[in-house]
Every structure is written in C-alpha cells, then in structure tokens.
Amino acid sequence: MNAHSTWAVMSCFRPDPDVIPHAVAALAQVDGLIVVDDGSGEAHDQTFAELEDTGARVIRTPQNLGIAAALNTGYTAAFGSGATHVISLDQDSALPPMAVQRLLSAWEHGSREERVGAVVPEYFADVRQAKDEIAPGVWTARNVIQSGMLLPGEVFADVGGLREDFFIDLVDTEYELRLRSGGYHVLAAPDVRMDHRLGQQLERRFLGLRVRLPGIPSVVTVSTPFRYYYRVRNRIVLNRTYRGSHRSQLRRDTILDVIHFVNVAALARPRRAFWRVLRAGYRAGRTGRMGPMPESVMLDARGVTWAAPVANTSETR
C-alpha cells in the first residue's frame, strides 16, 4: 500500500461526553483529528477541552452554520495540514477497528479499475450502502451517508466541498450525485460496518395495539421535528438540480420520502404545527430560500412531539 496521510474530521453540535471515546477511537487509526464545534456555546467548553486533551485539534465557530459548513472547515484544515485523505465523522459515530485500512484498501483497489470519488462503509447502521459489483471486489454505493466517508484530497480540490446552503439533511446525497455527475464512482468498502443510531424509533400503533401487518413496518424511525423542514426543502432543490442525470433514483427517493412524511405526520402533535413546518419547507424549496430555517418555523417545530411510544428494538429484530 502506498503511503497516505489520512485524517478524520468530526462535526460537533452540543455534544455529550460520549464524543470523547469516539475521538479516541478515531485517533487510534488516523494521522490527525480535527473537531469542528458548530456553535455549541460556552456550556460545552469542558467537553471541547477534553477533546483537545485526546490530541484532537478543535476549531470552534461562534454560531451554528450547519453540518456542511462545519465539515468543509475541517476538510480545508486537514488537507491544508498535509492530509491526502479525510474521513468525515458524526459526533455519535465511532470508527470500528480496521475501518481506515479497509476504506483505503477499497479506494486503492477501486482506483485501478475506476475513477473513484469517495469510499463509504458497506453498512451504515443496518443500512447496506453497497449496491452493484462493477469489478471483482469493487462495489458501487448509493444513497450514502457522509459519516465514515473517505474523501481524497484531489477530489475535494476538483469538485469542491459540501453544499453549505443545504445546512443539514441530504448534504451527503447531493455530494454523491455531484461526484457521479462529474464522472466519479462512489464505492463501498466490504466488511466495514459503521454503527450509528438513525433517529428515534417509535412503535406504530392502532387502537393501542402495535401494528403487525405484512409490508407495514411496526416501527417508524423519526428525526427531530425541525429537520423535516430541511428534508422537504432540500429534496425539492436536489430534484431540480439533478433531474436531468439521475431521474430514476430521484423519483424513487422522492416517493419514499413522501410516504415517510405522511407516516410521520400521522404521529405528530399538534399535527397542524408539523404541517406548517412541512409547508414552509416546500415553499422554501420552490422559491430557492436556502440556509437556516426562519425562526418562526423553528418555533413551530419546537412545539411538535410524537404521539407514539419509543420502540423496544430488541422486539423488532
């Protein structure tokens, strides 16, 4: 294997102390770790001081700029410090043993066959990101999650960073489509599994009883209510931007999103407030209003709760 300098970049917003072992796990496999505090505020000074004690370099921003801007800040700092490759991480994701070596190996192996833009773990949580084997041992990836993604420096220089006006949600999907539109392949590293909690899992119930019907999951995974503004808005913008080159994937993903929005709206209380969040996202997408959501919409989102019990995941597997 050729010599590489692989760094990690971790975006943090109001992290809890569990981030410390995640940083330690990353530092055991990379040449450097940059933690970007995305406007967490003084209440989290101690956590970031402890992160610095692990050996990580901490960059703190005065306000919340969104995950794309935070990661771009980290990418720029890491590549500017001599990194040849950077792995992006969420604050609640831990690199599994041998992950960096396997991601680099997949990049080297794939680069012999194709023009590789990025490599992601085969599994993110329980979601398999690998889709098609295009050469022996070389798998393409679709609908990738940025946490655990290996990005080469020359690709970052060529296609640029993540789209900062998306703020949060579908930032990684946009980057994947941009890479593929630019002639790059996004690959999955076999046998790498990134453990992560995807939202909150709630039980689907009818008349107080858990739903157990063929084809209808008994568990619904929901995000924090405010994120649905960004999910709706960014989906519309994404579809408009890439409809000429990725029509079939966008159509499928949009249908799945709409089904999910309807399911989640049924659980939201007060439901009218949640619909206002969705409508605001729709209007923003149609008019091109990007960046952070308006405070009036955030106030609606803060008042929304989910009218369903938290699922016992051990019973759903």
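Trainee: How do you know that the length of helix H3 fits its number of residues?
Mentor: This is a predicted model, so the check uses computed positions. H3 covers residues 67-80, which is 14 residues. At 1.5 Å a residue, H3 should span 20 Å. The end C-alpha atoms of H3 are 20 Å apart, so the two values agree.

Trainee: What makes H3 a mostly covered helix?
Mentor: Buried means under 20% relative accessible area. In H3, 11 of the 14 residues are buried. Among them are Ile67, Leu71, Asn72, Tyr75 and Phe79. Several alanines are buried too, including Ala68, Ala69 and Ala70.

Trainee: What follows H3, and what is its phi?
Mentor: Gly82 follows H3, and its phi is positive, near 105 degrees.

Trainee: What is notable about the phi of Phe167?
Mentor: Most residues other than glycine have a negative phi. Phe167 is not a glycine, yet its phi is positive, near 70 degrees. Phe167 is in the loop between helix H5 (153-159) and helix H6 (171-181).

Trainee: Why is Phe167 called buried or exposed?
Mentor: The cut-off for buried is under 20%. Phe167 has a relative accessible area of 9%, so Phe167 is buried.

Trainee: What about Asp169, in its phi and its accessibility?
Mentor: Asp169 has a positive phi of about 75 degrees, although it is not a glycine. Its place is also in the loop between H5 and H6. The relative accessibility of Asp169 is 10%, so it counts as buried.

Trainee: Why does Asp257 count as buried or exposed?
Mentor: Set the value against the same cut-off, under 20%. Asp257 has 9% relative accessibility, so it counts as buried. Asp257 is in helix H8 (residues 247-267).

Trainee: Which residues does Asp257 touch, leaving out those up to four places away in sequence?
Mentor: Asp257 touches Arg231 and Arg235. Gly182 is another matter: it is 75 residues from Asp257 along the chain, and their C-alpha atoms are separated by 26 Å.

Trainee: Where is there a cis peptide bond?
Mentor: Arg269 and Pro270 are joined by one, with omega about -10 degrees. Most peptide bonds are trans. Pro270 lies in the loop between strand E15 (268-269) and H9.

Trainee: How do you describe the packing of H7 and H9?
Mentor: Two packed helices are described by the angle between their axes and the distance between the axes. H7 (residues 227-242) and H9 (residues 271-287) pack at about 25 degrees, with axes 7 Å apart. Angles under 35 degrees count as roughly parallel. So H7 is roughly parallel to H9. The crossing of H7 and H9 is right-handed.

Trainee: Which residues meet there?
Mentor: From H7, they include Tyr228, Val232 and Ile236. From H9, they include Phe274, Leu278 and Tyr282. By class, this contact of H7 with H9 has 11 nonpolar, 2 polar and 3 charged residues.

Trainee: How do H9 and helix H10 cross?
Mentor: H10 covers residues 295-302. The axes of H9 and H10 come within 8 Å and cross at roughly 145 degrees. This crossing is left-handed. Ala273, Arg276, Val277 and Ala280 of H9 make the contact with Val297, Asp300 and Ala301 of H10.

Trainee: How many residues of each class are in the contact of H9 with H10?
Mentor: The contact has 5 nonpolar, no polar and 2 charged residues.

Conventions. Residues numbered from 1 in each chain as written. Predicted model: local features only at pLDDT ≥ 70, side-chain atom pairs only at ≥ 80, totals over all residues. Heavy atoms only, no water. Axes fitted to C-alpha atoms, helices over the stretch in contact; angles between N-to-C directions. Helix = DSSP H or I, 4+ residues; strand = E, 2+ residues; numbered from the N terminus. Parallel < 35°, antiparallel > 145°, perpendicular 65-115°, else oblique. Left-handed = near helix turned anticlockwise from the far one by under 90°. Contact = heavy atoms within 4.5 Å. Nonpolar A, V, L, I, M, F, W, Y, C, P; charged D, E, K, R; others polar. Expected span 1.5 Å × (residues − 1). Buried < 20%, exposed > 50% of the residue type's maximum accessible area, 1.4 Å probe, protein only.
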